[in-house]
Amino acid sequence: MNKNFRCTKNVRAPGPGPAPVKNNNTEASDGMSTVVEFKNYSMGFKDDDGNVFNLLDRLSFRVEEGKALGVVGESGCGKSMTSLSLMRLLPDAATVQGGEILLEGENLLEKSEEQMRRIRGNKLTMIFQEPMTALNPVLTVGGQIGEILKLHHPELSKAEIRARVLQALTDVGIANPESRYNQYPHEFSGGMRQRVMIAMAIINRPALLIADEPTTALDVTIQAQILDIMRRLKGASGSLMVITHNLGIVAEICEEVVVMYAGRAIERGTLKAIFDNPLHPYTRGLMASVPTIRSEKKPLHTIPGTVPTVYDFGPGCRFAERCEHCMECCRTSVPPVKRVGQDHLVQCFIEFEGEEEIDG
């Protein structure tokens with residue numbers, strides 16, 4: 001890295017860019033099939049006066065078939081809004097400002113609500129953060145899992161549904177599934193309820209499983225078991241998108257990483273590239289914040305300040321106020337997206353060895 005920081009040329013204008021031309025090509029550059037792709041996707045929120053505040057700004061990344069992508073960043077960086085955009089479950093105040101979200105080559109933003117109902121729970125499924133609030137307390141566990149099969153596969157008989165539910169419970173490591181089938185969520189521990197959520201998510205063999213903080217509030221032993229289940233099911237059930245602030249989880253089960261900050265994908269690449277050679281000052285700060293045995297006697301590194309709210313975004317880099325390398329151009333212009341090595345992209349004004357500026 002060049003220590004003499006200076007602004008690069010061809011600075012991009014701030015604000016969301018125009019929607020790209022529709023492209024149904026789902027083949028990745030390395031020959032692998034792309035399941036989901038965000039292409040210059042931007043969205044924001046309207047206030048009571050009708051003013052629109054941009055939150056997600058020109059997101060571009062993809063999830064490849066049979067692989068796991070980790071989306072990381074602090075709370076408030078837009079990770080969950082990214083997953084809700086993919087599921088088309090945004091609140092009424094949200095407004096899409098441009099771009100595409102492709103599922104197997106088809107733009108989900110062009111789908112009707114009826115079409116999305118057939119996609120959710122079938123091709124796209126999600127494990128939510130808190131399983132107790134996601135499960136219906138007055139319905140049995142087996143009945144709730146079976147409902148998803150009934151909705152998307154009405155041709156199945158009751159016996160076939162029961163058999164598939166029992167198999168799903170077995171796949172996620174629940175002992176004695178026959179006796180557990182007719183029990184209620186309050187009769188399950190937190191770890192077992194999370195397993196039930198995973199069973200519901202994989203029952204229809206989705207193309208993409210989204211896991212939003214899948215191990216929140218679980219102790220380390222149960223967390224390790226849940227991660228082991230997700231690791232085993234990843235290849236068999238399709239692709240996986242993990243939303244988390246826990247870099248340890250990403251290191252365990254992901255092959256690709258997207259680092260988000262204040263609604264922007266500021267760095268993305270392979271797990272090895274991001275962990276071995278983090279480029280963006282924010283990514284380096286996240287990596288340095290992870291405690292290790294070697295740093296036992298040193299103060300834990302922290303990133304000064306907090307993530308700005310959507311009302312406080314400036315016209316330039318959204319990390320500028322917290323960055324030790326901030327330059328004047330960082331406050332006034334959106335940084336360019338650069339390719340540094342193979343499959344490693346970073347959005348930053350800092351100059352890197354071998355960099356190549358691209359469109360995003």
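Leaving aside its neighbours within four places in sequence, which residues is Glu213 in contact with? The legends below start with that residue, and they describe a predicted model.

**View 1. Glu213 sits in a loop between a strand and a helix.** The loop runs between β7 (208-212) and α8 (220-237). Beyond its neighbours within four places in sequence, Glu213 is in contact with Lys79, Gln129, Ile243, Thr244 and His245. Two of these partners also meet Glu213 through side-chain polar contacts: His245 at 2.9 Å and Thr244 at 3.3 Å. Glu213 is buried but has no salt bridge. Lys79 is the nearest side chain of opposite charge, at 4.8 Å, and a salt bridge needs the nitrogen and oxygen to be within 4 Å, so this pair does not count as one.

**View 2. Phe38 and Tyr41 form an aromatic pair.** Six aromatic pairs are found in the structure. In this one, the ring centres are 5.8 Å apart and the planes meet at 75 degrees, so the pair is edge-to-face. Phe38 counts as buried because its relative accessibility is 1%, and Tyr41 is buried too, at 0%. Look for Phe61 as well: ring pairs link Phe38, Tyr41 and Phe61 into a cluster.

**View 3. Tyr261 and Phe319 bring distant parts of the chain together.** This aromatic pair is edge-to-face, with 5.1 Å from centre to centre and 85 degrees between the planes. Tyr261 belongs to strand β9 (residues 256-261), while Phe319 lies in the loop between α11 (281-288) and α12 (328-332). The two are 58 residues apart. Tyr261 is buried, with a relative accessibility of 1%, and Phe319 is buried at 4%.

**View 4. Two arginines lie over aromatic faces.** Arg162 is placed over the face of Tyr181, 4.3 Å from the ring centre. Arg180 lies over the face of Phe188, and here the distance to the ring centre is 5.1 Å.

**View 5. Helix α11 is largely enclosed by the rest of the structure.** Why can we say this of α11? Six of its eight residues are buried, so the helix is largely enclosed. The buried ones are Pro281, Tyr282, Thr283, Gly285, Leu286 and Met287. They pack against α9 (247-253), β9, β10 (264-270) and α10 (271-276). For the wider setting, 51% of the 360 residues of the chain count as buried.

**View 6. Arg264 and Asp57 meet in a salt bridge.** The N to O distance is 2.8 Å, and the structure has 15 salt bridges in total. Arg264 lies in strand β10 and Asp57 in strand β2 (residues 52-64), so the pair ties together parts that are 207 residues apart in sequence. Both Arg264 and Asp57 are buried. Arg58 joins in as well, since salt bridges link Asp57, Arg58 and Arg264 in a network.

**View 7. Lys272 and Asp276 form a salt bridge within one helix.** Their closest N and O atoms are 2.8 Å apart. Both residues lie in helix α10, four residues apart, which is about one turn of the helix. An α-helix has 3.6 residues a turn, so residues three or four places apart point the same way. Are these two partners buried or exposed? Lys272 counts as exposed at 61% relative accessibility, and Asp276 counts as exposed at 53%.

Terms used: Residues are numbered from 1 along each chain as its sequence is written. This is a predicted model: local features need pLDDT of at least 70, side-chain atom pairs count only at pLDDT 80 or more; totals for chains, interfaces and linings use all residues. Side-chain values use heavy atoms; hydrogens and water are left out. Buried means under 20% relative accessible area, exposed over 50%, partly exposed in between (1.4 Å probe, protein chains only). Lys and Arg count as positive and Asp and Glu as negative; His and the chain ends are not counted. A polar contact is a pair of N or O atoms within 3.5 Å; within protein, one must be able to donate a hydrogen and the other to accept it, and residues adjacent in sequence count only if both atoms are side-chain atoms. Contact means heavy atoms within 4.5 Å. Rings of Phe, Tyr and Trp (its six-membered ring) pair if their centres lie within 6.5 Å; planes under 30 degrees apart count as stacked, over 60 as edge-to-face and the rest as tilted. A charge sits over a ring if NZ of Lys or CZ of Arg is within 6 Å of the ring centre and within 35 degrees of the ring normal.
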